[in-house]
Every structure is written in structure tokens, then in C-alpha cells.
Amino acid sequence: RRSSDLGQLKEVRVDASAPQKTHDPNAWWWPGMQNAQVNMELNEHSGSAQVNIQDSSVSLVDWLEDPLIAMKKFQTKVSWGKTPQGTWQVQLHDAQVSCVDGQGGFDLTWREGEPNLPLGHLDLQVQVQRLQVARLHRYLPQALQPQARHYLRDALLAGVFEKGSLTIKGPLDHFPFHKTNDGVFTIQAP
């Protein structure tokens, strides 16, 4: 739609879909979603989107060892824009997740990195309402040593976490922060 007196574009509506579906995790090369409903507003400086997924999947390639997560429900508001320092920042607000392994929510802020810390700065606060204990290892980032993830996989065989939390805050290049002490990585499971 175009405003006739100003000659400016006021609204663009795009409906898009991939030409083919795949469930082959090796075919995923970038984080993404399948069958998502996304409503967005954007310009060259910033934008926002409301994301809703029902009975589909999310792919977190390079973040999780098994990147494809089947979702019963995922919804969040996403915003992005330039900070006063000129770097990009992305935020996911009040994200709600439900999958076969559990339910929970999170807030995430990622800020673009600098030349000496190219992966950027992450502030992730996760609230777990319920999570199958035997599946915890599946949601730990690949940046965590494989021995630690596999130890948890082999040690935690049954049970349910309720009302747990996870916090990651700091430069991702230094995650899990045990050598630099310039970030926070905590898991609380009562």
C-alpha cells in the first residue's frame, strides 16, 4: 500500500515458504523454523516480529549437537536494531516453548561482537516449568565440552525437573566462562 500524497511505501506484505520440506538435519545450515507464522515490521534500522509455531520444528544448527527440535508450540516477540554504539542487537521477549521433552520460557538478548570477541554477547534467562531429566543433555550448547554433555546424558536416566532455571550471560567466545570469569553460566534444578 502506498500513500498517494507522499509517495512513500507504507506497508509491504510477504507470504513466503520454502520450495521443499526436509527433516534431514544435515540439510540445515542456518538456524531456522518450519511452518512458522511470522508477522513483522522492519526498516533499515530496526524491526520486530511476532513468531508463532504449532506442531512443527526449530533448527539450532551449530548450537546444539542434535539441532532439530520438534515443537508443539513456540511463540515469542522478536526485536532487533542498532545499539547507540552502532552494533546490532536481537531480543526475544517472553518466549514460550512446549515440546515433547518439556515446557518453559525464556528471554534472550544477543549483541553483536567486536573484532576480539566476534561471537557477541549473550544474556539468556530460561525458566523451566518441566523437563524430562534424561533429555537435559540434548539442550546444552555445543560450546559446553562434549565430555560434560555426555556425562549428563549417561548419568541422568529418569525423572523430571520442575521449576528449574538456566542463565548464560557474557561473551560467547569465552563460554562457559570457567577460564575468564567474565560471564555467568548457571543451571538450577530443585
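Two aromatic rings of Phe, Tyr or Trp are taken as a pair if their centres lie within 6.5 Å, and a pair whose planes are over 60 degrees apart counts as edge-to-face. With that in hand, a good place to begin in this predicted model is the cluster formed by Phe175, Phe177 and Phe185.

The structure holds three aromatic pairs. In one of them, phenylalanine 175 meets phenylalanine 177 edge-to-face, with 5.5 Å from centre to centre and 85° between the planes. Both phenylalanine 175 and phenylalanine 177 are buried. Phenylalanine 175 also pairs with phenylalanine 185: the ring centres are 4.8 Å apart and the planes stand at 65°, so this pair too is edge-to-face. Distant parts of the chain are linked by the latter pair, since phenylalanine 175 lies in the loop between strand E9 (160-171) and strand E10 (184-188), whereas phenylalanine 185 belongs to strand E10, 10 residues apart.

How buried or exposed are the two partners of this link? Phenylalanine 175 has a relative accessibility of 9% and therefore counts as buried, the limit for that class being under 20%. Phenylalanine 185, at 23%, counts as partly exposed.

Away from the cluster, an aromatic ring is also involved in a contact with a charge. The charged end of arginine 138 sits over the ring of tyrosine 139, at 5.2 Å from the centre of that ring.

A polar side-chain contact adds a further detail to the picture. Glutamine 34 is part of strand E3, which spans residues 32-42. Its relative accessibility is 11%, so glutamine 34 counts as buried. The side chain of glutamine 34 is joined to that of serine 57 by a polar contact of 2.9 Å.

These local features can be placed within the fold as a whole. The protein has one helix and 10 strands, and their order along the sequence is β-β-β-β-β-β-β-β-α-β-β. Among contacts in the protein with a separation of 6 or more, 45% are made by residues 24 or more positions apart. The protein has 190 residues, of which 32% count as buried. Its accessible surface comes to about 12700 Å², with 52% of this belonging to carbon and sulfur atoms.

Key
Residues numbered from 1 in each chain as written. Predicted model: local features only at pLDDT ≥ 70, side-chain atom pairs only at ≥ 80, totals over all residues. Heavy atoms only, no water. Phe/Tyr/Trp six-rings, centres within 6.5 Å; stacked < 30°, edge-to-face > 60°. Buried < 20%, exposed > 50% of the residue type's maximum accessible area, 1.4 Å probe, protein only. Helix = DSSP H or I, 4+ residues; strand = E, 2+ residues; numbered from the N terminus. Lys NZ or Arg CZ within 6 Å of the ring centre and 35° of its normal. Polar contact = N/O pair within 3.5 Å; in protein donor to acceptor, adjacent residues only side chain to side chain. Contact = heavy atoms within 4.5 Å. Areas by Shrake-Rupley, 256 points an atom, 1.4 Å probe, with all protein chains shown as cover.
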